[in-house]
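Student: I would like to learn how to read helix packing and a few local features in a model such as this one. Could we go through them one at a time?
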2 protein chains.
Amino acid sequence: MFGYHAWIQSDKVSSAPTVSGPECFALEECKQVFKGLKDAPNISLSISDALPLEAYTLVGCHDNVHITGGDEAGLLYGVYGLLFHIRKGGRLDNLNLTEKPAVNRRILNHWDNPDGSVERGYAGKSLFWQNGRIGYNLDRLRDYARLLASIGINQISVNNVNVNALGAQLLTEDGLKDLAKVADVFRPFNIKIIISVHFDSPVIVGGLRTSDPVDEKVARFWTDAAARVYRYIPDLAGFLMKADSEFRSGPTALGRTQAEGANVIAKALAPFNGTIYWRCFIYDCTQDWRDTVTDRPKAAYDYFYPLNGCFDENVIIQIKNGPVDFQVREPNSPLLGAMDKTRQALEFQIAQEYTGHQIDLYNLAVHWEDVFEHPITEARNTRDLIGQEVDAIVAVSNTGDDENWCGHLLAQSNLYAFGRMAWNPALTAAQVTQEWIHLTFGANPKLKPLLDMMLKSRDVFEKYNAPLGIGWMVTPHTHYGPDVDGYEFSKWGTYHRANHEAIGIDRTRTGTGYTAQYHPYVRDMYENKETCPENMLLFFHRLPYSCRLKSGKTLLQYIYDTHFEGADEVDDFIKTWESLKEYLSEEAYTTVAERLLRQQVNARQWRDVINTYFYRKTGIPDEAGRKIYC
Amino acid sequence: MFGYHAWIQSDKVSSAPTVSGPECFALEECKQVFKGLKDAPNISLSISDALPLEAYTLVGCHDNVHITGGDEAGLLYGVYGLLFHIRKGGRLDNLNLTEKPAVNRRILNHWDNPDGSVERGYAGKSLFWQNGRIGYNLDRLRDYARLLASIGINQISVNNVNVNALGAQLLTEDGLKDLAKVADVFRPFNIKIIISVHFDSPVIVGGLRTSDPVDEKVARFWTDAAARVYRYIPDLAGFLMKADSEFRSGPTALGRTQAEGANVIAKALAPFNGTIYWRCFIYDCTQDWRDTVTDRPKAAYDYFYPLNGCFDENVIIQIKNGPVDFQVREPNSPLLGAMDKTRQALEFQIAQEYTGHQIDLYNLAVHWEDVFEHPITEARNTRDLIGQEVDAIVAVSNTGDDENWCGHLLAQSNLYAFGRMAWNPALTAAQVTQEWIHLTFGANPKLKPLLDMMLKSRDVFEKYNAPLGIGWMVTPHTHYGPDVDGYEFSKWGTYHRANHEAIGIDRTRTGTGYTAQYHPYVRDMYENKETCPENMLLFFHRLPYSCRLKSGKTLLQYIYDTHFEGADEVDDFIKTWESLKEYLSEEAYTTVAERLLRQQVNARQWRDVINTYFYRKTGIPDEAGRKIYC
């Protein structure tokens with residue numbers, strides 16, 4: 001049930017490997033993780049200044065492998081790298097491999113609440129919190145640290161960005177004592193802790209009357225808080241802030257800029273080399289649906305772009321990959337690349353909030369590949385920013401205390417892929433998914449259909465969901481299952497405005513003007529219906545159901561076709577999975593089979609609700625005469 | 001803020017009245033409640049066997065009034081009756097009035113949870129529960145008992161019909177000790193306690209492996225439980241059960257009938273003259289919306305009608321007024337009257353779950369008048385059943401620990417009206433609403449516009465809500481605000497099936513056949529579009545938007561018109577209320593004004609969402625050219 005992590009579990013013992021090298025955690029870890037391997041090679045370790053930090057080389061010859069690390073962290077990554085290499089069926093002869101991370105900050109955000117619940121968590125309870133306080137199973141937590149380290153994660157936040165009154169107490173001596181123990185568990189694994197902080201900490205924790213960032217007492221509060229925090233956790237990575245977002249307090253509400261809000265904290269953290277990660281997810285969440293001028297995707301850019309260059313050195317603004325909120329299909333945020341004088345973190349969501357709750361199969365590696373390839377200019381894409389302006393890659397974790405960490409066994413591949421692609425964004429979805437399959441189920445060529453199914457899964461999910469980038473046809477609050485008008489008359493700024501003739505939002509210069517936030521090359525691509533990628537057509541354009549797509553189909557027929565296809569393809573997933581039964585453990589087979597059956601119910605519900613919705617609205621039947629309910 | 005109850009509050013003292021009569025609680029109460037009255041008459045009390053139980057006469061002459069009660073309860077009601085008579089401006093000269101209740105059981109159900117929350121409660125926290133146990137403010141509870149007694153309520157349940165594990169503990173010695181104290185508070189006020197019980201009490205409380213009603217051990221459990229309960233509360237009214245309903249366990253799930261489920265408990269209660277109230281709110285809440293054969297309104301009749309005559313003497317089946325669930329407009333349940341060999345309770349909901357959450361003004365007396373006048377046969381209406389087959393009138397309470405008990409001050413009139421109309425169903429909405437206004441704001445003729453506004457409020461609410469009896473265009477779960485398709489593709493069996501041409505469910509013989517559950521006279525009335533009351537047209541018939549109503553308007557234009565009117569009329573409410581400011585206390589004026597402004601927002605949201613929904617679907621504009629958002 002542990003998936004690929006089973007390979008590096010501490011409770012497996014066969015023969016002890018021969019290991020030599022400097023006394024360090026990587027050496028211990030090497031002994032530990034190779035215990036489980038039959039015919040382990042002789043391994044020697046050393047550190048070399050010639051290599052960058054966190055980098056490593058593996059040089060092998062017959063039964064001997066030498067791991068060189070740029071530092072202890074690099075050595076540790078080398079140990080896991082060698083194990084993975086062997087587990088994936090790699091040979092030792094002529095092994096000569098150098099690895100270094102593309103970006104220094106590879107971060108998981110846990111949206112874990114003090115009560116042990118996980119916001120948008122689909123894999124059980126928190127690994128960190130119980131009954132209002134930090135509280136955990138130490139063995140489990142150490143396994144988790146190893147799991148994350150093995151894929152190169154080197155920073156984690158352990159409390160929800162929606163910090164509540166209890167979460168805010170992490171800044172107190174009492175809270176820090178507990179948190180320091182968590183930091184101690186993760187430190188040997190080269191993982192630093194981030195604290196999600198409440199903008200109103202000066203009031204909640206400090207007893208002040210204001211959180212106004214220009215107030216001297218507020219500045220002093222943050223300075224004192226930083227000093228206190230670093231006394232307990234000297235290597236803390238920094239703070240994470242969600243301000244002025246979804247009913248949370250923030251500088252804008254006080255008449256200050258986001259930069260003023262961030263910089264006062266940055267100055268407090270600077271003496272300790274701490275970073276403030278400042279989220280850009282700001283928009284009007286009390287919009288009136290009757291207002292067609294305000295356009296939610298424009299909001300973050302409008303708030304932040306004018307502040308380009310105004311942030312302190314140790315501020316990293318954290319930008320969700322898309323301008324809305326982790327929908328199945330969105331363009332990239334126009335902030336990415338535009339904020340060229342500001343350090344940026346690219347934020348993904350591994351938790352499948354809008355993408356199937358870890359019930360439906362959804363390969364995020366494929367999704368992220370699209371994000372990386374999204375153009376910034378004619379000459380540059382988003383992947384090119386990584387290690388440049390984009391100084392960090394962050395993801396909302398999909399983990400919890402479920403035995404397999406992720407609820408859906410196959411959802412583990414998304415966690416794996418995130419670590420791997422943050423380390424090396426040039427890796428393809430096919431590569432990382434193949435790696436995960438090899439590590440989890442063995443290097444069995446018969447499992448090729450599983451790879452195909454996983455790589456196809458995002459397309460399939462997209463087919464049975466909201467069409468062509470329009471998004472948000474999802475059940476409010478839970479975000480699982482269809483509700484076409486569920487957000488249509490709400491305050492969340494997410495509208496499709498479908499009537500009996502047309503659907504979609506005109507976000508071009510003739511509409512809300514959102515496209516103007518992009519570089520002219522990208523802007524023009526989206527402005528023009530002919531060059532706009534078809535899968536985002538309804539994000540950028542309002543179109544009649546009768547309009548013809550490139551295939552020659554009408555928009556309406558495309559909606560019907562994709563929804564029938566998507567549900568049918570889930571049926572195919574079930575058949576594929578059944579065909580692989582003999583190559584899988586009973587446990588793995590059963591748990592995934594159960595999820596696939598639940599996905600089938602969901603896919604059919606999506607198919608029928610979406611098709612019925614549009615059939616009822618238009619009265620136009622499916623050309624192929626398939627069953628659409630009245 | 002206490003509304004009409006202010007008149008009988010214990011903390012008001014002016015002069016002590018001259019009171020004589022037998023030593024009893026009514027005498028004490030008489031002294032108590034007349035303390036607050038200027039120029040109180042001399043009052044003498046006596047009990048007479050010549051009067052029925054709970055009945056009373058008031059005979060007055062100049063400054064002397066004699067109250068005769070059929071029993072102590074009648075005397076108590078006589079005391080309140082006299083106070084109300086005087087407060088309403090009634091004269092004592094030639095006072096000669098006899099009152100007796102139409103029905104012996106006038107019951108409030110509190111949906112209060114052990115954690116102190118109130119399911120569908122809009123008036124604060126529970127008056128009975130705190131932190132998982134019975135816990136209350138004694139003075140407040142005594143005031144509440146007086147409030148209920150003054151309007152003739154004589155039974156109350158104090159725990160939610162959705163009994164949870166904690167609520168189930170009321171059957172234990174530990175739970176009963178606490179509950180007995182509540183019973184002690186209410187007993188002098190002639191109010192008996194009902195316990196809501198969990199069908200699985202034999203398992204949860206008794207540690208058995210089954211709750212099967214034909215199991216001897218289960219029968220013994222209920223016998224033992226009854227003995228235990230009556231040891232603590234010898235005058236307990238009985239138990240209340242919600243079984244086989246909305247994911248709750250019950251006899252059907254075990255292959256037994258509802259009668260088998262009820263009778264085993266009835267037999268246990270019989271030696272103590274206890275009653276089991278058995279709710280009929282049973283339907284398939286996991287329906288597939290694609291299934292057009294199953295029809296939720298049919299369910300209760302299908303379950304219960306075949307069991308007519310199979311219930312023990314001390315079973316009362318509790319029937320919601322409509323066949324669905326307390327919508328703004330429904331026909332009556334076909335069970336009412338049909339179950340002629342079974343004792344029936346008619347269940348209302350004072351809590352404004354679907355009728356505005358005690359934010360929107362909604363006069364339920366008007367609503368109940370309609371229910372009473374619903375025909376059973378050509379010769380008989382529902383009012384005629386009361387005191388006959390209908391042996392109890394029950395309502396879900398709208399109260400909580402808010403200072404004015406009901407959240408909305410004017411919502412107090414619904415509590416008042418329920419008590420009055422349960423006592424005397426011949427009272428009109430206009431009468432009871434006028435009484436409440438007099439008692440609350442004084443007998444001021446300038447308040448006539450308030451009476452008009454309250455009496456109109458149900459029509460206004462209905463206008464801006466789901467049209468013509470179709471119901472359910474409400475936000476799922478919360479049940480406040482519009483969401484036209486919110487329940488359309490769900491499992492709750494509540495569909496309108498609106499497409500671009502037509503809307504509604506055919507429930508006649510050509511459709512689901514629901515109409516056949518009524519007496520032929522009523523059936524034929526609903527079958528025929530011409531005789532079906534227009535306000536229930538879409539409950540019974542599927543109609544094109546183009547069809548003409550009696551007014552000559554199309555159905556679509558009727559929808560537009562009523563929605564514009566409804567919202568405009570809320571604007572008028574605000575003007576009316578403002579015009580009455582000089583006759584009202586600052587506190588009363590302000591609190592109601594605040595609610596009316598919130599109602600205005602809600603009414604406009606309903607108006608615009610409903611109109612936009614149908615405009616988008618049909619493309620047909622408003623004939624009057626008013627603003628419909630695109």
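Student: Let us start with a pair of helices: which residues of α12(A) meet which residues of α13(A)?
Tutor: On the side of α12(A), the residues involved are Q412(A), S413(A), Y416(A), A417(A), R420(A) and M421(A), and they meet V432(A), E435(A), W436(A) and L439(A) in α13(A). By character, the residues of this contact divide into 6 nonpolar, 2 polar and 2 charged. Please keep in mind throughout that this is a predicted model.

Student: How should I describe the geometry of such a pair?
Tutor: Two packed helices are described by the angle between their axes and by the distance between those axes. Here α12, residues 412-423 of chain A, and α13, residues 429-441 of chain A, pack at an angle of about 125 degrees, with their axes 9 Å apart. That angle makes α12(A) oblique to α13(A), because 65 to 115 degrees counts as roughly perpendicular, over 145 as roughly antiparallel, and under 35 as roughly parallel, with the rest oblique. The crossing in which α12(A) passes α13(A) is right-handed.

Student: At what angle do α3(A) and α5(A) cross?
Tutor: The axes of α3 (residues 138-150) and α5 (residues 173-186) of chain A cross at roughly 50 degrees and come within 9 Å. These two helices are therefore oblique to each other, and α3(A) passes α5(A) in a right-handed crossing. The contact is made by L138(A), L141(A), R142(A), Y144(A), A145(A) and L148(A) of α3(A), together with V182(A), V185(A) and F186(A) of α5(A). Its residues divide into 8 nonpolar, no polar and 1 charged.

Student: Turning to single helices, how does the reach of α2(A) relate to what is expected at 1.5 Å a residue?
Tutor: With 16 residues, 72-87 of chain A, α2(A) reaches 23 Å from its first C-alpha to its last, which is close to the expected 22 Å. Since 15 of its 16 residues are buried, α2(A) is largely enclosed by the rest of the structure. Just after this helix, G89(A) takes a positive phi of about 85 degrees.

Student: Is L75(A), in that helix, buried or exposed?
Tutor: L75(A), found in α2 of chain A, counts as buried because its relative accessibility is 0%, the cut-off for buried being under 20%. Leaving aside neighbours within four places in sequence, L75(A) is in contact with P22(A), C24(A), A26(A), L45(A), S46(A), I47(A), I67(A), T68(A) and G69(A).

Student: How many residues does α18(A) have?
Tutor: Helix α18(A), residues 586-618, has 33 residues and reaches 48 Å from its first C-alpha to its last, close to the 48 Å expected at 1.5 Å a residue. Of these 33 residues, 24 are buried, so α18(A) is largely enclosed by the rest of the structure. Just after α18(A), G619(A) takes a positive phi of about 75 degrees.

Student: Which positive phi values belong to residues other than glycine, as for D244(A) and W472(B)?
Tutor: Phi of D244(A) is near 55 degrees, and this residue is found in the loop between β11 (238-241) and α8 (258-269) of chain A. For W472(B), phi is near 65 degrees, and its place is the loop between α14 (448-464) and β16 (502-503) of chain B. D244(A) counts as buried because its relative accessibility is 12%, and W472(B) counts as buried because its value is 9%.

Notes. Residues are numbered from 1 along each chain as its sequence is written. Chains are lettered from A and ligands numbered from 1 in the order in which they are written. This is a predicted model: local features need pLDDT of at least 70, side-chain atom pairs count only at pLDDT 80 or more; totals for chains, interfaces and linings use all residues. Side-chain values use heavy atoms; hydrogens and water are left out. Axes are lines fitted to C-alpha atoms, for helices over the stretch in contact, and angles run from 0 to 180 degrees between N-to-C directions. Helices (H or I, at least four residues) and strands (E, at least two) are DSSP runs, numbered from the N terminus. A crossing is left-handed if the near helix is turned anticlockwise from the far one by less than a right angle, and right-handed if clockwise. Contact means heavy atoms within 4.5 Å. Ala, Val, Leu, Ile, Met, Phe, Trp, Tyr, Cys and Pro count as nonpolar, Asp, Glu, Lys and Arg as charged, and the others, Gly among them, as polar. The expected span of a helix is 1.5 Å times one less than its number of residues. Buried means under 20% relative accessible area, exposed over 50%, partly exposed in between (1.4 Å probe, protein chains only).
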